[in-house]
Amino acid sequence: MAQLRLDQRTVTTLVAEATTAPSMHNAQPWRFRFLAAERLVLLRADPARAMPRSDPGNRALYIGCGAALFNLRVAAVHASLVPRIRLLPDPRDPLLLASVQLADLSEAPQEKDLWRLHPAIRQRRTSRHPFSERDIPENVRATLQAAAAREGATLLFPGLWHVDTLLELVRDAESRDLVRAEEDEDLVRWTRLGGEVDTAVDGVPAYAFGPRKSDGKAPVRDFSGRRPVPDRGSAAFERTPHLALLGTRGDGPRDWLAAGQALERVLLEGTLRGLSTSLTSHPLEDRELRLLTRDPGSGVGHVQMVLRLGYGPKGPATPRRPVPDVLSVV
């Protein structure tokens with residue numbers, strides 16, 4: 001079979017879909033390089049988009065890039081390509097996170113289950129709105145857990161006592177932010193207010209903050225911080241939030257990339273099943289609090305993300321950097 005021609009339009013589409021992935025504060029800390037002669041996409045970390053206060057070890061940066069990598073895999077399969085992945089392919093180049101060889105169908109079997117996830121790439125949204133009190137069916141939970149396991153991670157739905165502990169840790173993180181004003185540095189840098197909203201290509205714009213919480217226990221970060229946001233409003237959130245912990249056995253760069261891929265697979269599966277989702281990294285940004293999120297009896301390992309799942313508004317699309325800003329072709 002003749003090799004499928006990979007033109008710049010195809011690669012641009014793949015990267016555009018990859019970059020719909022979630023990342024901490026929507027900083028989009030990735031860059032892509034396409035080596036046309038080798039049919040090779042290189043995924044690189046963008047250190048200019050790191051968060052020294054909130055993510056000093058770059059764990060969240062790796063997770064965001066891992067989520068983008070998973071979307072790239074899904075987009076490639078949808079384009080009738082087979083992505084061959086190598087994580088951290090060059091120890092001498094720590095910013096090179098992954099290489100993706102784009103093979104033809106004739107050269108390797110396709111991951112057909114990834115094709116099914118493709119519609120969810122554009123449908124997935126982060127929702128900071130109230131969810132209903134409706135429970136998540138056991139078969140849906142099992143599907144999400146299997147999705148995480150496919151990427152080498154564990155998804156745990158904690159019991160009530162553990163949920164209460166997580167909510168206390170979120171409140172503790174919020175209190176620490178109020179006491180230490182410098183902790184707002186990253187949040188201020190990556191939120192968009194006023195005239196910035198209409199021209200933003202990254203960060204969290206005011207229209208995506210969601211309402212202020214007037215009641216309820218849902219862990220929803222207030223991205224306004226100490227700044228007023230006109231016409232924002234408030235709402236009562238769910239009192240029995242459905243939380244899930246995504247964990248990995250190890251806690252190094254390779255594990256963080258795996259966690260990002262597992263996270264995005266779970267989010268896409270949830271989207272196809274009508275779930276709304278948001279991510280809660282607040283208690284994970286402090287080393288002491290992060291250690292407390294883990295239930296020693298659960299086997300979840302190192303907690304990489306706290307997910308809030310439920311049924312409710314999907315939330316608005318957040319801005320994305322133009323593909324030419326993140327992709328170079330040689």
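This is a short talk that walks through one protein model, from its strands and cores to its empty spaces and a few single residues.

Hello everyone, and thanks for coming. Please keep in mind throughout that this is a predicted model.

Let's start with the strands. Strand β1 covers residues 30-35, and strand β2 covers residues 40-45. The two run antiparallel and are joined by six bridges. If you want a pair to look for on your screen, find L35, which stands opposite L40 in β2. β1 also has a partner on the far end of the numbering: strand β13, residues 327-329, runs parallel to β1 and is joined to it by three bridges. Here the pair to find is F32, which sits opposite L327 in β13.

Now look at the turn of that hairpin. Four residues lie between β1 and β2, and R39 takes a positive phi there. How large is the phi of R39? It is near 55°, a positive value in a residue other than glycine. As background, most residues other than glycine have a negative phi. Is R39, in its loop, buried or exposed? R39 is buried, because its relative accessible area is 8%, and the cut-off for buried is under 20%.

There is a second residue of this kind to show you. D231 is not a glycine either, and its phi is positive at about 60°. You will find D231 in the loop between β8 (212-215) and β9 (234-236). Unlike R39, which is buried, D231 counts as exposed, because its relative accessibility is 83% and exposed means over 50%.

Let's move inside. The largest nonpolar core holds 55 residues, and the ones with the most contacts inside it are F32, L102, L155, L246 and L307. Which helix gives the largest share of this core? That is helix α2, residues 59-78, with ten residues. You have met F32 already, as the β1 residue facing L327. Another on that list, L155, is a nice one to click on: leaving out residues up to four places away in sequence, L155 touches L144, Q145, A148, A244, L245, L246, V266 and L307. So two of the names we just heard, L246 and L307, come back as contacts of L155. There is also a second, separate core of ten residues, and among them are L167, V300, V303 and V306.

Next, the empty spaces. Here is the general idea: rolling a probe the size of a water molecule over the atoms shows where empty space is left. The largest pocket contains about 650 Å³ of space. It is lined by 33 residues, and the closest to its centre are P22, S23, R124, T126 and R128. Elements giving two or more residues to this lining are α2, α3 (112-123), α5 (160-179) and β11. By class, the lining divides into 15 nonpolar, eleven polar and seven charged residues.

How many cavities of 30 Å³ or more are there? The count comes to two. The largest has a volume of about 60 Å³, and its lining is made up of S23, M24, A27, P29, R49, A50, M51, D55, A60 and L61. Notice S23, which we also met by the centre of the largest pocket. Seven of the residues lining this cavity are nonpolar, one is polar and two are charged.

The second largest cavity has a volume of about 30 Å³. Around it are L166, L167, V170, P219, L243, T280, P283 and V306, with α5 giving the most, three residues. This lining has seven nonpolar residues, one polar and no charged ones. L167 and V306 are also members of the second core.

Two last stops. H282 is in the loop between β11 (276-280) and α9 (287-292). With a relative accessible area of 9%, H282 is buried. Setting aside neighbours within four places in sequence, H282 is in contact with A173, E174, D177 and R221.

Finally, P322 sits in the loop between β12 (302-310) and α10 (323-326). P322 counts as partly exposed, at 38% relative accessibility. Its C-alpha atom is separated by 19 Å from that of F70, although the two residues are 252 apart along the chain.

That's the tour. Thanks for listening!

Terms used:
Residues are numbered from 1 along each chain as its sequence is written. This is a predicted model: local features need pLDDT of at least 70, side-chain atom pairs count only at pLDDT 80 or more; totals for chains, interfaces and linings use all residues. Side-chain values use heavy atoms; hydrogens and water are left out. Buried means under 20% relative accessible area, exposed over 50%, partly exposed in between (1.4 Å probe, protein chains only). Contact means heavy atoms within 4.5 Å. A nonpolar core is a set of buried Ala, Val, Leu, Ile, Met, Phe, Trp, Tyr and Cys residues joined through side-chain atoms within 4.5 Å. Two strands pair if DSSP finds at least two bridges between them. On a 1 Å grid over the protein atoms alone, a cavity is a set of points where a 1.4 Å probe fits but cannot get out, and a pocket is an open set with protein on both sides within 12 Å along at least five of seven lines; lining residues have an atom within 4 Å of a point. Grid points are joined across faces, edges and corners, and a volume is the space filled by probe spheres set on the points. Ala, Val, Leu, Ile, Met, Phe, Trp, Tyr, Cys and Pro count as nonpolar, Asp, Glu, Lys and Arg as charged, and the others, Gly among them, as polar.
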